[in-house]
Amino acid sequence: MSLIHESVEYFTKALASKTSVPGGGGASALVAAVGVALGDMVGEFTLGKKKYADVEEDIKVLMAQAEALREELLICIEDDATAFEPLSKAYSIPKDEPGRDETMEKCLRAAAEVPFHILQLACESVDLLRGFADKGSVIMISDAATGAALLQGAIRSAAINVKINTKSMKDRTFADELNNKVQDLVDEYTSKAQKIYDDVVKRL
């Protein structure tokens with residue numbers, strides 16, 4: 001059965017077990033999905049309120065984008081598990097077997113690609129949380145801050161799941177370029193997420 005259709009209890013038990021998947025990449029995707037879902041929740045409690053009539057259309061746009069990101073992040077849970085399986089098999093290839101390096105490189109790139117995508121989606125989600133925090137109902141701003149805090153964690157965890165794969169790559173030019181892209185996003189968006197959280201704390 002698909003991981004995203006299992007119960008929360010099953011998923012967390014699977015994370016805690018001695019299995020390779022789900023792992024850190026899938027966990028970061030789930031946390032990011034929860035984070036952006038909280039933004040959507042802020043929107044739900046904002047729509048239809050006379051006090052927020054002037055921003056209602058903006059909120060609707062934010063909600064549509066949040067829903068799309070949440071769904072894509074859930075798909076990433078499956079994608080991460082799928083990408084890791086060939087890599088786990090590649091590690092078992094004897095080191096002196098012809099073609100092992102090429103196979104490993106291909107599998108490492110595929111395994112790094114999914115958490116990098118999760119990272120990008122989590123960053124997009126932070127930008128949405130900014131809108132929800134600024135325009136959403138004031139009685140729900142703590143949920144916007146919670147979402148931002150979760151996304152900050154998802155960003156850091158997705159990043160480390162990229163870097164664990166780039167660490168083993170033979171093509172250091174590619175690996176270094178990807179690591180630099182990752183770090184730039186981490187620096188920018190963990191700061192943005194923290195700013196959302198801090199701004200909400202000041203408004204409490």
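Helices here are DSSP runs of H or I with at least four residues, strands are E runs of at least two, and both are numbered from the N terminus. Keep in mind that this is a predicted model.

**Exercise 1. Get the overall layout.**
Work out which elements the protein chain contains, in what order they come, and what the chain spans along its principal axes.

*Solution.*
- Step 1: Count the elements. The protein chain has six helices and zero strands.
- Step 2: Put them in order. Read from the N terminus, the elements go α-α-α-α-α-α.
- Step 3: Take the dimensions. The C-alpha trace spans about 70 × 35 × 25 Å along its principal axes.
- Step 4: Check burial. Of the 204 residues in the protein chain, 44% are buried.
- Step 5: Look at contact range. Take the contacts between residues at least 6 apart in sequence: 78% of them join residues at least 24 apart.

**Exercise 2. Classify how α4 packs with α5 and α6.**
Find the crossing angle and axis distance for α4 with α6, do likewise for α4 with α5, and name each arrangement.

*Solution.*
- Step 1: Pick the descriptors. Two packed helices are described by the angle between their axes and the distance between the axes.
- Step 2: Start with helix α4 (residues 100-135) and helix α6 (residues 172-203). Their axes come within 10 Å and cross at roughly 25°. So α4 is roughly parallel to α6, as angles under 35 degrees count as roughly parallel.
- Step 3: Add the handedness and chemistry of that pair. The crossing of α4 past α6 is left-handed, and the residues of this contact split into 16 nonpolar, one polar and eight charged.
- Step 4: Move on to α4 and helix α5 (residues 141-166). Here the axes come within 8 Å and cross at roughly 160°. That puts α4 roughly antiparallel to α5, because angles over 145 degrees get that label.
- Step 5: Finish the second pair. α4 passes α5 in a left-handed crossing too, and the contact residues divide into 19 nonpolar, four polar and no charged.

**Exercise 3. Place S137 and G147.**
Say where S137 and G147 sit, whether each is buried or exposed, and what each one touches beyond its sequence neighbours.

*Solution.*
- Step 1: Locate S137. It belongs to the loop between α4 and α5.
- Step 2: Judge its burial. With 3% relative accessibility, S137 counts as buried, since the cut-off is under 20%.
- Step 3: List its partners. Setting aside residues up to four places away in sequence, S137 touches V42, F45, T46 and Y52.
- Step 4: Turn to G147, which lies in helix α5. Its relative accessibility is 0%, so G147 is buried.
- Step 5: Do its contacts. Ignoring neighbours within four places in sequence, G147 is in contact with G35, L38 and L129.
- Step 6: Try a distance on G147. P22 is 125 residues away along the chain, and the C-alpha atoms of G147 and P22 are separated by 22 Å.

**Exercise 4. Characterise E67.**
Find the helix that holds E67, its exposure class, and the partner of its side chain in a polar contact.

*Solution.*
- Step 1: Find the element. E67 is in helix α3 (residues 56-90).
- Step 2: Assign exposure. The relative accessible area of E67 is 28%, so E67 is partly exposed, a class that runs between 20% and 50%.
- Step 3: Identify the partner. The E67 side chain makes a polar contact with the side chain of R70, at 2.7 Å.
- Step 4: Compare sequence and space. E67 and G39 are 28 residues apart in sequence, while their C-alpha atoms are 9.5 Å apart.

Technical notes: Residues numbered from 1 in each chain as written. Predicted model: local features only at pLDDT ≥ 70, side-chain atom pairs only at ≥ 80, totals over all residues. Heavy atoms only, no water. Axes fitted to C-alpha atoms, helices over the stretch in contact; angles between N-to-C directions. Parallel < 35°, antiparallel > 145°, perpendicular 65-115°, else oblique. Left-handed = near helix turned anticlockwise from the far one by under 90°. Nonpolar A, V, L, I, M, F, W, Y, C, P; charged D, E, K, R; others polar. Buried < 20%, exposed > 50% of the residue type's maximum accessible area, 1.4 Å probe, protein only. Polar contact = N/O pair within 3.5 Å; in protein donor to acceptor, adjacent residues only side chain to side chain. Contact = heavy atoms within 4.5 Å.
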